Amino acid sequence: KWQVDNGYPPCRLFKNISYGHMGVTNNLRANDIFDGALIYSDDTASLFDMYLEFANGDRRDSIIDLMHIVHDKHTYLSRISTFFQFL
């Protein structure tokens, strides 16, 4: 609840995506970080139904796109690279 109320994206979301799983969240800020590409609802009961619908379709491309976002923008190496570009 605190993470949702304060817009704090949970680290497990990034980890799960990096392992090839779809991001499912009730955290609006986390969904914004991924440009609205996650399965998102502020109603947790709806999240379950939305995920079931997603799981029954062709999901490979959308997961790969999310994995690229994590790889390119949200790893230690990408953060270090951004830091050096800033300097």
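# Reading a predicted fold, step by step

Analyst: Let's start with one residue: Thr 25 is buried, with a relative accessible area of 5%. Keep in mind that this is a predicted model.

User: How should I read that percentage for Thr 25, as buried or exposed?

Analyst: The general idea is a pair of cut-offs: under 20% is buried, and over 50% is exposed. The value for Thr 25 is 5%, so Thr 25 counts as buried. On the whole, 25% of the 87 residues of the protein count as buried.

User: Where is the place of Thr 25? And which residues is Thr 25 in contact with, leaving aside its neighbours within four places in sequence?

Analyst: You will find Thr 25 in strand β1, residues 24-25. Once the neighbours within four places in sequence are set aside, its contacts are Ala 30, Asn 31, Leu 38, Ile 39, Tyr 40, Ser 41 and Leu 47. There is also a polar link to look for: the side chain of Thr 25 reaches the backbone nitrogen of Asn 27 at 2.9 Å.

User: Let's follow that link. Where is the place of Asn 27, and is Asn 27 buried or exposed?

Analyst: Asn 27 belongs to the loop between β1 and α3. Asn 27 is buried, with a relative accessible area of 2%. A polar atom of its side chain lies 3.1 Å from the backbone nitrogen of Arg 29. Not counting residues up to four places away in sequence, Asn 27 touches Gln 3, Val 4, Gly 7, Tyr 8, Pro 9, Pro 10 and Tyr 40.

User: Val 4 is on that list. What does Val 4 look like from its own side, leaving aside its neighbours within four places in sequence?

Analyst: Val 4 is in helix α1, residues 2-6, and with a relative accessible area of 33% it is partly exposed. Beyond the neighbours within four places, Val 4 is in contact with Asn 26 and Asn 27. You can also compare sequence with space: Val 4 and Asn 16 are twelve residues apart in sequence, and their C-alpha atoms are 18 Å apart.

User: What about a loop residue such as Asp 35?

Analyst: For a loop residue, look at the backbone as well as the surface. Asp 35 lies in the loop between α3 (28-33) and β2 (39-40). Its phi is near 50°, a positive value in a residue other than glycine. Asp 35 is exposed, with a relative accessible area of 65%.

User: Now for helix pairs. How do α2 and α5 pack?

Analyst: Look at the angle and distance between the axes. Helix α2 (residues 11-18) and helix α5 (residues 60-73) pack at about 120°, with their axes 8 Å apart. The two helices are therefore oblique to each other. The crossing in which α2 passes α5 is left-handed.

User: Which residues in α2 and α5 meet?

Analyst: From α2 come Phe 14, Ile 17 and Ser 18, and from α5 come Leu 66, Met 67 and Val 70. By class, this contact has five nonpolar residues, one polar and no charged ones.

User: How many helices and strands does the protein have?

Analyst: There are six helices and two strands, and from the N terminus they run α-α-β-α-β-α-α-α. The C-alpha atoms fill a box of roughly 45 × 30 × 20 Å along the principal axes. Among contacts with a separation of 6 or more, 30% are between residues 24 or more positions apart.

Definitions and conventions:
Residues numbered from 1 in each chain as written. Predicted model: local features only at pLDDT ≥ 70, side-chain atom pairs only at ≥ 80, totals over all residues. Heavy atoms only, no water. Axes fitted to C-alpha atoms, helices over the stretch in contact; angles between N-to-C directions. Helix = DSSP H or I, 4+ residues; strand = E, 2+ residues; numbered from the N terminus. Parallel < 35°, antiparallel > 145°, perpendicular 65-115°, else oblique. Left-handed = near helix turned anticlockwise from the far one by under 90°. Contact = heavy atoms within 4.5 Å. Nonpolar A, V, L, I, M, F, W, Y, C, P; charged D, E, K, R; others polar. Buried < 20%, exposed > 50% of the residue type's maximum accessible area, 1.4 Å probe, protein only. Polar contact = N/O pair within 3.5 Å; in protein donor to acceptor, adjacent residues only side chain to side chain.
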